[in-house]
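Please walk through the model shown here, beginning with a single loop residue and widening the view from there.

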Amino acid sequence: MNELMQMAGAISDANSLVTQLKNFVLVGVLGLMYVISIAYVWGQTKSVLKAGVAAIGGAAVLAIVVNMTSVRDKIGEDIKSPGSNAAPAAVRVVDHLASLDGGRR
C-alpha cells in the first residue's frame, strides 16, 4: 500500500513539473522570441512602423497561443451543437442552370 501512495505522489509531481514546463515555454520562450523578432525587424529596417507591425502581429500570435485551449473548447462546442449557435438557413437546390444566352448555342 505504501508503494502505491509513493507512485501516486510521483505521478502528481510529474504532472506538476509538466505544467511548470508548459508555463515556462509559454511565458519565457515565446516572450523571448517575441522580443527578438521585434528587435530583428528594427535592426534590419530601422523603421518604427515595421517594428510596430511586428509587435502587433507577434502579440496576436501570443494571444492565440495562450488562449488556445479556450478557443479549442469553444470551437468544439460549436461543432457539437451547431443548431443552438447558428442562425437558421434556407437552402435552394438547383437541378439545372439555364445558359446565359437564353438557351441558344
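**From one loop residue to the whole chain**

Lys46 is exposed, with a relative accessible area of 56%, where exposed means over 50%, buried means under 20% and partly exposed lies in between, computed with a 1.4 Å probe on protein chains only. This is a predicted model, in which local features need pLDDT of at least 70 and side-chain atom pairs count only at pLDDT 80 or more, while totals for chains, interfaces and linings use all residues. Residues are numbered from 1 along each chain as its sequence is written, and side-chain values use heavy atoms, with hydrogens and water left out.

Lys46 lies in the loop between helix 1 and helix 2 (48–66), and although Lys46 is not a glycine, its phi is positive, at about 55°. On either side of this loop, the axes of helix 1 and helix 2 come within 8 Å and cross at roughly 160°, the axes being lines fitted to C-alpha atoms over the stretch in contact and the angles running from 0 to 180 degrees between N-to-C directions. Helix 1 is therefore roughly antiparallel to helix 2, a label given to angles over 145 degrees. The crossing of these two helices, helix 1 and helix 2, is right-handed, meaning that the near helix is turned clockwise from the far one by less than a right angle.

Helix 1 (residues 2–45) also holds Val25, which counts as partly exposed at 41% relative accessibility. Together with Phe24, Val29 and Met33, Val25 makes a nonpolar surface patch of about 370 Å²; such patches consist of residues with over 30% relative accessible area and no salt bridge, with nonpolar side chains (Val, Leu, Ile, Met, Phe, Trp, Tyr) joined within 5 Å.

Which charged side chains meet in a salt bridge? Those of Asp73 and Arg72 do, at 3.5 Å from N to O, and the structure holds one salt bridge, defined as a side-chain nitrogen of Lys or Arg within 4 Å of a carboxyl oxygen of Asp or Glu. Of the two partners, Asp73 is partly exposed at 41%, whereas Arg72 counts as exposed at 55%.

For the chain as a whole, the secondary structure comes to four helices and zero strands, these being DSSP runs of H or I over at least four residues and of E over at least two, numbered from the N terminus. Of its 105 residues, 5% count as buried, and the accessible surface of the protein chain, from the Shrake-Rupley method with a 1.4 Å probe, comes to about 9,200 Å², of which 68% belongs to carbon and sulfur atoms.

Key: Patch = residues over 30% accessible without salt bridge, like charges linked within 9 Å, V, L, I, M, F, W, Y side chains within 5 Å. Parallel < 35°, antiparallel > 145°, perpendicular 65-115°, else oblique.
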